[in-house]
Amino acid sequence: MHDPRVLLDPATDAVRKLARRGYSLDLGSLEKLLSGRNAAIQRGDEARAEAKRVATAVKGADPDERAALVERARDLKAVVGAAEQEHKALDAELTALLLDVPNLPLDEVPDGASDDDAELVRTWGEPPALDFTPLDHVDLGDRLGILDLPRATKLAGPRFAVLRGRGAALERALARYFLDLATERHGYTEYSVPTLVNRTSMTGTGQLPKFEQDLFKTGVDERELFLIPTAEVPLTNLHAQETLATETLPLAYTAHTPCFRSEAGSYGKDTRGLIRMHEFSKVELVRVVDSTTTRDELEVLVGHAEAVLQGLGLAYRVVKLAAGDLGFSAQITYDLEVWLPGQQKYREIASASDFGTFQARRAAIRTRSKDGTRGFAGTLNSSGLPIGRTMVALLEQGQQADGSVVIPEALVPYTGFDRLTPA
RNA sequence: GGAAGCGUGGCAGAGCGGCCGAAUGCACUCGCCUUGAAAGCGAGAGUCCCGCAAGGGUCCGGGGGUUCGAAUCCCUCCGCUUCCGCCA
């Protein structure tokens with residue numbers, strides 16, 4: 001959420017910046033709401049101040065002037081009540097408007113609306129030169145006897161997966177490898193967190209109120225809970241409504257959780273295989289930092305995500321997303337795209353985003369520095385990585401002419417096997 | 001699910017319907033003292049909102065009510081603790 005004053009400041013250039021991502025900001029009504037709200041606050045405060053003075057005067061008043069004072073106090077009370085009501089009403093409107101406004105893209109973010117407009121930053125590794133026609137991960141998984149999509153559909157419907165035998169073991173090994181890398185090499189603290197969270201948490205990171213249709217919602221009686229689409233939600237909200245001493249920053253958190261996405265509006269997209277699931281498992285990296293350092297922290301963070309792919313020897317590239325392709329809360333995002341021989345192209349596997357203070361304002365994650373300066377924290381997150389999509393890349397890039405798949409060396413201590421072979 | 005109790009500032013812990021933003025202790029910041037530190041002494045310091053500022057307002061778990069006036073009374077919700085039941 002933005003500070004309305006900042007949005008209204010011409011120096012911010014908010015209208016143009018938001019237009020780059022396809023959002024049209026109504027500065028006029030914003031201005032009107034803000035000034036109206038502030039005027040109401042002031043009116044209420046003045047009346048309340050007077051009411052306090054009168055109430056104090058009542059105590060020592062002569063009997064004959066007491067009645068007049070009490071009546072005056074009653075009148076003031078009405079004024080306070082009216083001003084307060086107006087304040088609340090305008091504040092609700094203002095908040096609703098602000099909650100709807102996405103983050104401002106940084107100037108370095110390229111123009112454009114789709115992934116075609118992303119800017120190539122760098123490429124790592126060589127797509128394996130296969131002297132045979134590569135299979136995609138669905139066929140591979142089927143032959144290897146580790147992936148059973150038909151039965152997943154029977155159990156829950158499309159976009160769910162069943163892993164079997166070494167497939168299930170591979171999933172477990174990947175999660176452990178990712179977590180060890182994050183905690184032992186990159187300094188993240190591992191958490192185990194709820195995967196069902198309340199509306200406040202979802203609003204804090206920006207999934208709500210705008211994107212409720214993307215979430216799975218559950219509840220018993222009046223109670224309302226949402227399945228997390230990513231561990232970003234619980235990890236970032238750990239410090240919601242808290243004030244952090246700047247000298248304790250940056251905080252680096254990781255968690256391995258299931259993630260749930262309704263994938264509304266993605267009908268027909270990636271219907272085959274493990275790419276787009278309603279439920280998948282992911283290791284997430286979250287950083288809570290001094291707000292002035294987020295841009296540098298993003299480079300650190302994307303490096304941590306890249307290290308995972310590099311450790312597995314998977315060819316990938318890094319792109320900077322176009323303004324119109326940014327997530328709601330992000331001001332800049334790098335996508336990591338891994339090479340998929342089965343599709344003969346790079347496909348998104350992870351994305352690392354800098355949210356500036358956008359989420360911290362929503363979630364009220366405050367900071368206080370040694371000299372007493374107060375502000376909001378900066379937040380960032382990256383996948384590190386999703387297990388399913390990593391398995392896709394691993395199977396497809398590691399496939400051999402005989403139909404077997406070679407497990408990357410770094411992973412062998414975790415799997416206990418170095419090769420998957422057809423059943 | 002049943003019964004009882006409790007929710008005050010970073011922590012601990014007072015608080016008669018007006019003198020309470022709130023005693024006191026610890027912790028904290030800045031001085032003094034000391035070779036240095038500790039102890040001692042003095043001073044200061046909460047949050048959020050409106051305001052250029054001066055200043056004003058808010059906040060004693062959340063919300064509502066009674067009253068000229070509520071941390072103090074009432075209602076309600078939430079959370080925590082203890083006991084019983086059930087249970088992974």
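These are my notebook entries on a predicted model of a protein with an RNA strand.

**Entry 1: surface near the RNA**

I looked up which residues surround RNA strand B and found 21, of which Arg5, Arg37, Asp45, Arg74 and Arg374 come nearest. On the RNA side, sugar and phosphate supply 76% of the strand B atoms that come within 4 Å of the protein. I then sorted the residues of this surface by class: 13 are charged, 6 nonpolar and 2 polar.

**Entry 2: polar atoms facing strand B**

I noted three side chains here. For Arg74, a polar side-chain atom lies 2.5 Å from a phosphate oxygen of RNA strand B. For Lys88, a side-chain N or O atom is 3.2 Å from a phosphate oxygen of the strand. For Arg66, the partner is a base nitrogen of RNA strand B, at 3.4 Å from a side-chain N or O atom. Two or more residues each come to this surface from helix H3 (27-60), helix H4 (63-100) and strand E12 (365-368). H3 gives the most, with 11 residues.

**Entry 3: the sheet with E12**

I followed E12 into its sheet, which is open, has 3 strands in the order E6-E12-E13 and is mixed in its pairing. Strand E6 (242-245) and strand E13 (374-376) are the edges; each has a single partner strand, so one side of each lacks a neighbour in the sheet. Direction ignored, neighbouring strands are turned by 35° against each other on average. E6 and E12 run parallel and are joined by 4 bridges. Glu242 stands opposite Ile365 in E12.

**Entry 4: salt bridges**

I searched the whole structure and got 27 salt bridges. In one of them, Arg37 pairs with Asp91, with the closest N and O atoms 2.9 Å apart. Arg37 is in helix H3 and Asp91 in helix H4, so this pair ties together parts 54 residues apart in sequence. Arg37 is buried at a relative accessible area of 17%, while Asp91 is partly exposed at 23%.

I also checked Arg272 with Asp136, where the closest N and O atoms are 2.6 Å apart. This pair links distant parts of the chain, 136 residues apart: Arg272 is in the loop between strand E7 (251-260) and strand E8 (279-289), and Asp136 in the loop between strand E1 (119-124) and helix H5 (137-144). Arg272 is partly exposed, with a relative accessible area of 43%; Asp136 is buried, with 15%.

Lys217 forms a salt bridge with Glu224, at 3.4 Å between the closest N and O atoms. Glu224 counts as partly exposed at 27% relative accessibility. Last, I recorded a network in which salt bridges with shared partners join Glu108, Arg295, Glu299 and Lys320.

Definitions and conventions:
Residues numbered from 1 in each chain as written. Chains lettered and ligands numbered in written order. Predicted model: local features only at pLDDT ≥ 70, side-chain atom pairs only at ≥ 80, totals over all residues. Heavy atoms only, no water. Near = heavy atom within 4 Å. Polar contact = N/O pair within 3.5 Å; in protein donor to acceptor, adjacent residues only side chain to side chain. Nonpolar A, V, L, I, M, F, W, Y, C, P; charged D, E, K, R; others polar. Pairing = 2+ DSSP bridges. Axes fitted to C-alpha atoms, helices over the stretch in contact; angles between N-to-C directions. Salt bridge = Lys/Arg side-chain N within 4 Å of Asp/Glu carboxyl O. Buried < 20%, exposed > 50% of the residue type's maximum accessible area, 1.4 Å probe, protein only.
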